[in-house]
Structure formats: structure tokens, C-alpha cells
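Work through the exercises below with the coordinates open. Try each task before reading its solution.

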Amino acid sequence: MTAPSTTATMKSIAFFNNKGGVGKTSLVYHLAWMYADHGLKVLVADLDPQANLTSMFLDEDRLVSLWSDDGEPRTIRDCLRPLMSRQGDILAPVVERLQPTLGLIPGHLGLSRFEDLLSENWPKCLDGQEAAFRVMTAFHRIILSGARQMDADLVLIDVGPNLGAINRAALIAAEQVVLPLAPDLFSLQGMRNLGPTLREWRKGWHKRADELPQGAAIEMPSGAMQPAGYVVMQHSVRESRPVKAYQAWVDRVPVVYRESVLGEAVTRTGDREGLDASGLPIPDPANDPYMLALLRHYRSLMPMAMDAHKPMFFLKPADGAIGSHIDAVRACYQDFEALARKIAANAGVMMR
């Protein structure tokens with residue numbers, strides 16, 4: 001197996017939950033701006049065929065230009081076009097510079113057409129077919145090329161809410177995985193599905209990587225996709241605590257996360273409590289080291305942010321953030337800054 005290759009210090013983190021509607025894309029968008037605001041060079045890769053993250057970053061006129069079929073490799077679909085047509089290898093991306101320290105590999109709705117080719121080539125890697133490895137490592141190599149263009153410190157990867165072949169290839173390109181959750185039954189069930197799938201994909205990729213032909217000049221991802229923690233999104237609050245209905249679901253997360261995502265042995269003592277393999281009580285959410293944040297729903301700020309085409313924590317009075325909104329913007333910045341620092345620390349990346 002060829003050694004995994006990356007830039008000297010760049011770390012890749014995917015944000016993934018097979019349950020949609022939890023605010024995952026908005027989370028990636030805000031974290032990207034927060035890291036850039038703190039001086040990190042950040043590359044964002046939109047690997048969700050819905051391309052919602054790209055539409056958050058770019059206005060409609062720019063999207064029309066990017067999604068025109070003039071052949072220039074400006075989106076993830078364009079970079080994959082030679083592979084998809086079986087006429088060549090990937091093309092290097094043209095990173096969309098949002099500011100000097102923030103770049104985007106734009107998504108494209110046509111990415112969904114890559115699904116069948118990925119499914120077809122996953123088993124072929126076991127036969128040591130070099131062409132199959134070029135397909136399976138395409139996302140990693142495109143991201144690596146983009147990261148080198150801007151000497152990125154950090155890559156944030158947004159993926160769609162499913163367990164299909166596109167997400168399998170996208171997660172192979174990630175060293176760590178952050179799970180955004182909503183405090184409800186559906187997110188907990190999604191976590192029960194996701195955890196075993198991540199372990200299966202990791203094991204499957206390592207088995208295939210050992211079959212890479214000697215001398216194949218392919219930069220290989222590690223396929224580590226290590227769980228880096230979870231973020232509970234969009235809860236309503238009363239006196240700085242989630243309302244009772246949401247709290248009941250939040251309380252269940254630590255046990256389910258350890259059982260399903262980490263694959264740890266848990267002795268359940270109730271729906272919300274359990275003992276770890278050492279016989280110690282699993283902490284409640286407030287003290288759980290795997291909980292990265294419990295983010296409130298900034299309902300009044302998001303519509304303003306969408307109109308202003310900027311993150312919620314950058315809103316100004318000219319954008320309509322006046323009166324009580326000023327305090328909300330300040331609190332929003334503090335919340336996302338604290339979350340960004342935790343994720344960066346877990347990845348070994350220093351924020352100033």
C-alpha cells in the first residue's frame with residue numbers, strides 16, 4: 001500500500017449524519033468562516049449532490065456561471081468528468097476564493113451521477129485494479145490538490161444525508177468525522193445506523209488499500225474517519241437550558257454514541273444511563289467529553305444572515321441586527337468560536 005499523502009499540516013474533517021434536516025450544512029458554513037476569521041487557511045469541499053453549501057457561499061449569478069458546461073474544472077463534477085466518461089483521470093480543481101484564507105471546491109447537482117461508478121469500482125479494488133483505485137480515491141486527490149493550492153491548514157467536507165457510495169468515498173477522504181444531531185428520535189436512530197457503517201467502511205477500505213498494485217502512482221487517503229464527537233443542533237431554550245421535550249432526547253445521546261458510533265461495550269441501566277466497559281457511569285450530556293456543543297437555534301438571526309449572505313455572527317446593524325439582536329449576534333459568535341476551538345484541538349490544529 002502506498003503511504004497516505006497530505007500536505008504537511010492539513011487536517012480533513014467531514015460532517016455527516018444520515019438523518020437530514022439537522023442543520024449540518026449551516027454548521028459547516030459557519031465553522032468555515034469562524035476558522036478563517038481566526039487566521040486559519042480553510043478549504044471547504046461540497047461533496048453533497050444537493051450542493052446546498054455552495055449556494056450558501058455564492059450568489060445566484062456566480063452559481064449560474066459555475067454550473068455552465070464550458071469544460072473548465074470549477075466544480076467537483078467538472079473535476080470528475082474524465083473519470084465519469086471513462087476517458088481519463090481527475091482534473092485539478094479551480095478553488096473558488098471567498099477570501100484569501102477561505103476557499104471552496106463548489107458542489108454540483110450532477111455529482112449524483114458518480115454514484116454508480118463508485119459502486120461498481122468498490123469491489124474491483126479487491127482485485128487490485130489500478131483504475132478502480134483512481135475512482136475510489138478521486139475525492140481525496142481533488143481535495144488534496146485544492147488544499148495544496150492554498151496551503152490549507154484545515155479541510156471541512158460536507159456530505160449528503162445517506163449511506164450511499166458517494167458518501168463512502170467522501171468519508172474515506174476524511175481523517176475525522178463530526179456528527180451533527182437534532183435532539184429527536186430520528187437522529188438517535190440515524191446514529192445507530194451510522195456507527196456500524198463507519199466501522200464497516202473503514203475496515204473495507206483498509207482491506208482494499210492493501211491490494212493497491214506496486215508502483216501505482218496514486219496518493220491514497222488514510223481512510224481513518226475517526227469519530228471526533230457530536231454537536232446537538234437547533235434546540236429551543238428556556239433559561240439557558242433545552243426545553244423539557246428536547247432534553248429527554250439529549251440525555252440519551254451519550255449512551256447511544258458510545259454504543260453505536262464508538263462501538264464500546266455499554267451496560268445499560270436505563271434509557272439514558274449506562275456503565276462503560278470499566279464499570280464507570282457514562283456522564284450526562286453536560287459533562288460528556290464527546291459532546292462538542294449544544295447549539296441553540298438562532299431563529300431570528302438566520303433569515304437576516306441569508307438575506308445578507310453572511311454568517312449569523314457577522315451581522316451588523318445595517319443588516320437589521322439591532323436591539324436584542326446585537327446580543328444574539330455576540331452570543332452566536334461566542335458559541336461558534338468555542339465549538340471551532342474544540343474541533344480544531346481534537347484535530348491537532350492551533351487557532352489563534
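**Exercise 1: A loop residue and its neighbour**

Ala152 sits in the loop between H7 and E5. This is a predicted model.

Task: Classify Ala152 as buried or exposed, and state how far Ala152 is from Met10 in sequence and in space.

Solution.
- Step 1. The relative accessibility of Ala152 is 1%. Buried means under 20%, so Ala152 counts as buried.
- Step 2. Along the sequence, 142 residues separate Ala152 from Met10. In space, their C-alpha atoms are 5.9 Å apart.

**Exercise 2: Positive phi**

Task: For Asp151 and Met225, find what value phi is near. Then place each residue and classify its exposure.

Solution.
- Step 1. Asp151 has phi near 50°, which is positive although the residue is not glycine.
- Step 2. Asp151 belongs to the loop between helix H7 (138-150) and strand E5 (154-159). Its relative accessible area is 46%, so Asp151 is partly exposed.
- Step 3. Met225 has phi near 35°, again a positive value in a residue other than glycine.
- Step 4. Met225 falls in the loop between helix H9 (185-209) and strand E7 (226-235). With a relative accessible area of 0%, Met225 is buried.

**Exercise 3: His108 and Arg77**

Task: Locate His108, list what it touches, and follow the contact to Arg77.

Solution.
- Step 1. His108 lies in the loop between strand E4 (102-105) and helix H5 (115-121). Relative accessibility is 9%, so His108 counts as buried.
- Step 2. The His108 side chain reaches the backbone nitrogen of Gly110 at 2.8 Å.
- Step 3. Skip residues up to four places away in sequence. His108 then touches Pro49, Ala51, Trp67, Thr75, Ile76 and Arg77.
- Step 4. Arg77 is part of helix H4 (residues 76-84). Arg77 is buried too, with a relative accessible area of 9%.
- Step 5. Leave out neighbours within four places in sequence. The contacts of Arg77 are Asp69, Met84, His108, Gly110 and Leu111. Gly110 thus appears twice: as a contact of Arg77 and as the backbone partner of the His108 side chain.

**Exercise 4: Helix packing**

Task: At what angle do helices H1 and H13 pack, and how far apart are their axes?

Solution.
- Step 1. Two packed helices are described by the angle between their axes and the distance between the axes.
- Step 2. Helix H1 spans residues 24-37 and helix H13 spans residues 324-347. The angle is about 85°, and the axes are 10 Å apart.
- Step 3. Angles from 65 to 115 degrees count as roughly perpendicular. H1 and H13 are therefore roughly perpendicular to each other.
- Step 4. H1 makes the contact through Leu27, His30, Leu31, Met34, Tyr35 and Asp37. H13 contributes Tyr333, Phe336, Glu337, Leu339, Ala340, Ile343 and Ala344.

**Exercise 5: Two nonpolar cores**

Task: How many residues does the largest nonpolar core have, and which have the most contacts inside it?

Solution.
- Step 1. In soluble globular proteins, nonpolar side chains tend to be buried together.
- Step 2. The largest nonpolar core has 66 residues. Leu80, Phe114 and Phe139 have the most contacts inside it.
- Step 3. Take Phe114, ignoring neighbours within four places in sequence. Phe114 contacts Leu80, Met84, Val135, Ala138 and Phe139.
- Step 4. Another core, of 51 residues, lies apart from the largest one. Its members include Leu66, Val329, Ala344 and Ala347.

**Exercise 6: Phe133 and the cysteines**

Task: Describe the surroundings of Phe133, then state how many disulfides there are.

Solution.
- Step 1. Phe133 lies in helix H6 (residues 130-136). Its relative accessibility is 0%, so Phe133 counts as buried.
- Step 2. Residues up to four places away in sequence are not counted. Among the residues Phe133 touches are Cys125, Trp205, Leu212, Ile218 and Met220.
- Step 3. Val329 is 196 residues from Phe133 along the chain, and their C-alpha atoms are separated by 46 Å.
- Step 4. Cys125 is buried, with a relative accessible area of 0%. Cys332 is also buried, at 0% relative accessibility.
- Step 5. A disulfide needs a pair of cysteine sulfur atoms within 2.5 Å. By this rule, the count is zero disulfides.

Definitions and conventions
Residues are numbered from 1 along each chain as its sequence is written. This is a predicted model: local features need pLDDT of at least 70, side-chain atom pairs count only at pLDDT 80 or more; totals for chains, interfaces and linings use all residues. Side-chain values use heavy atoms; hydrogens and water are left out. Buried means under 20% relative accessible area, exposed over 50%, partly exposed in between (1.4 Å probe, protein chains only). Helices (H or I, at least four residues) and strands (E, at least two) are DSSP runs, numbered from the N terminus. A polar contact is a pair of N or O atoms within 3.5 Å; within protein, one must be able to donate a hydrogen and the other to accept it, and residues adjacent in sequence count only if both atoms are side-chain atoms. Contact means heavy atoms within 4.5 Å. A nonpolar core is a set of buried Ala, Val, Leu, Ile, Met, Phe, Trp, Tyr and Cys residues joined through side-chain atoms within 4.5 Å. Axes are lines fitted to C-alpha atoms, for helices over the stretch in contact, and angles run from 0 to 180 degrees between N-to-C directions. Angles under 35 degrees count as roughly parallel, over 145 as roughly antiparallel, 65 to 115 as roughly perpendicular and the rest as oblique.
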